[in-house]
Amino acid sequence: MKKLLTLAASVLLTLSFISCGKKIDSSTWLSNFDDAKKAAQAENKKIFLFFSGDDFDTVSAQLKTNVLTTEEFVKEYTEKFVLVNLDFSNSRYTEDQDSITGDIKLSELYNVESFPCFYILSKEGYPITQLAFDANADLDHVHITFTETDESVAKFDELLEKTKSGSNQERLAAINEIFDSTSTDLVYHLTPLNKLYLSLDKKNETGECAKHLFALSYAKAQDFFLSNEIEKACAEFETLAKNKMLKDFERQVAFYTAAFVLIQSQSNDYEKIRDYLQKSYDAAPDTEEAQTIKGAITQVQMMIDGEGDIPEQEM
């Protein structure tokens, strides 16, 4: 028995060393977002996320040379932030295929439409605010830009703290304020708060659980869509439509969204698209949108019969 206990203790000690891993050096720019989040959590710092395109975007390269990679900037801003730069230089697409695939997905999830792109994130990865710098900015101008975000960052911190303590009503109100003030393109990153909201309001006493249910379904569907698992993405909204918390018009939106996902994927499964649209119509035939959906059903049926084009749907 003593031998077994000694062996078990040895195994646990080994596992503890493995789980601790090597400490991440956040005294400089990181190039791995997961490492940045781990460091931010460990050091209780925010994340300064920088998407760049060094060999095709002259602004990124110029800003790095003039300010962002200078010793003065790094020393000052690593005191408050974990700095992470995800670079999308053309050379990476041939030399670093594995890591750039994950970075591309992250850029899509943070809605990066052009380079450079900058975000201040909480240590959890929640988007707080976006920044923009002029190509000719020097350190003083960068200071000013950061200072201009102080108020919004402080407001976010205050709200996030309120989600952790106080009455349920206060916590729910704080979550809603964060959610409602976050761009719809970025609410994907708020899923822990959506889950917390639902756990605090299990009976939907606020009447606002639906938007958090939708947010969670959108997040799951987005993951499936980016992995080209279209059927699973659609299934998320089909499952959502069956949730008893949803009102009829919300059920209509859920089924409609499933059809929209199929159309966006350029699916040829017109029967499935028609079925989703029909379920959407049937869920709430008296809404203003119902007639538009009915027209879409007719168009899809014509497509099935070889008589028309698939309609373009808008969310």
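**Surface patches and aromatic contacts**

Glu 71 is exposed, with a relative accessible area of 69%. In this predicted model, the residue belongs to helix α4, which covers residues 71-77. Glu 71 also takes part in a negative surface patch, where its partners are Glu 72, Asp 138 and Asp 140.

A nonpolar patch is found on the surface as well, formed by Tyr 218, Phe 249 and Val 253. Together these three residues offer about 260 Å² of accessible area. Val 253 sits in helix α13, residues 248-264. Its relative accessibility is 35%, so Val 253 counts as partly exposed; the class runs between the 20% limit for buried residues and the 50% limit for exposed ones.

Another acidic residue, Asp 157, is located in helix α8, which spans residues 150-162. With a relative accessible area of 32%, Asp 157 is partly exposed. Its C-alpha atom is 8.4 Å from that of Ser 122, although 35 residues separate the two along the chain.

Turning to the rings, a search of the whole structure yields 22 aromatic pairs. One of them joins Phe 48 and Phe 118 in a stacked arrangement, with 5.8 Å from centre to centre and 5° between the planes. Phe 48 is part of strand β1 (residues 46-52) and Phe 118 is part of strand β3 (residues 117-121), so this contact ties together parts that lie 70 residues apart in sequence. Both Phe 48 and Phe 118 are buried.

An edge-to-face pair is formed by Phe 56 and Phe 115, with a centre-to-centre distance of 5.7 Å and an angle of 85° between the planes. This pair, too, links distant parts of the chain, as its members are 59 residues apart. Phe 56 lies in the loop between β1 and α3 (58-68), while Phe 115 lies in the loop between α6 (97-109) and β3. Phe 56 has a relative accessibility of 41% and therefore counts as partly exposed. Phe 115, at 27%, is likewise partly exposed.

Ring pairs also build a cluster, which takes in Trp 29, Phe 48, Phe 50, Phe 73, Tyr 77, Phe 81, Phe 118, Phe 133 and Phe 146. The stacked partners Phe 48 and Phe 118 are thus both to be found among the members of this cluster.

Terms used:
Residues numbered from 1 in each chain as written. Predicted model: local features only at pLDDT ≥ 70, side-chain atom pairs only at ≥ 80, totals over all residues. Heavy atoms only, no water. Patch = residues over 30% accessible without salt bridge, like charges linked within 9 Å, V, L, I, M, F, W, Y side chains within 5 Å. Areas by Shrake-Rupley, 256 points an atom, 1.4 Å probe, with all protein chains shown as cover. Salt bridge = Lys/Arg side-chain N within 4 Å of Asp/Glu carboxyl O. Lys, Arg positive; Asp, Glu negative; His and termini not counted. Charge placed at Lys NZ, Arg CZ, Asp CG, Glu CD. Helix = DSSP H or I, 4+ residues; strand = E, 2+ residues; numbered from the N terminus. Buried < 20%, exposed > 50% of the residue type's maximum accessible area, 1.4 Å probe, protein only. Phe/Tyr/Trp six-rings, centres within 6.5 Å; stacked < 30°, edge-to-face > 60°.
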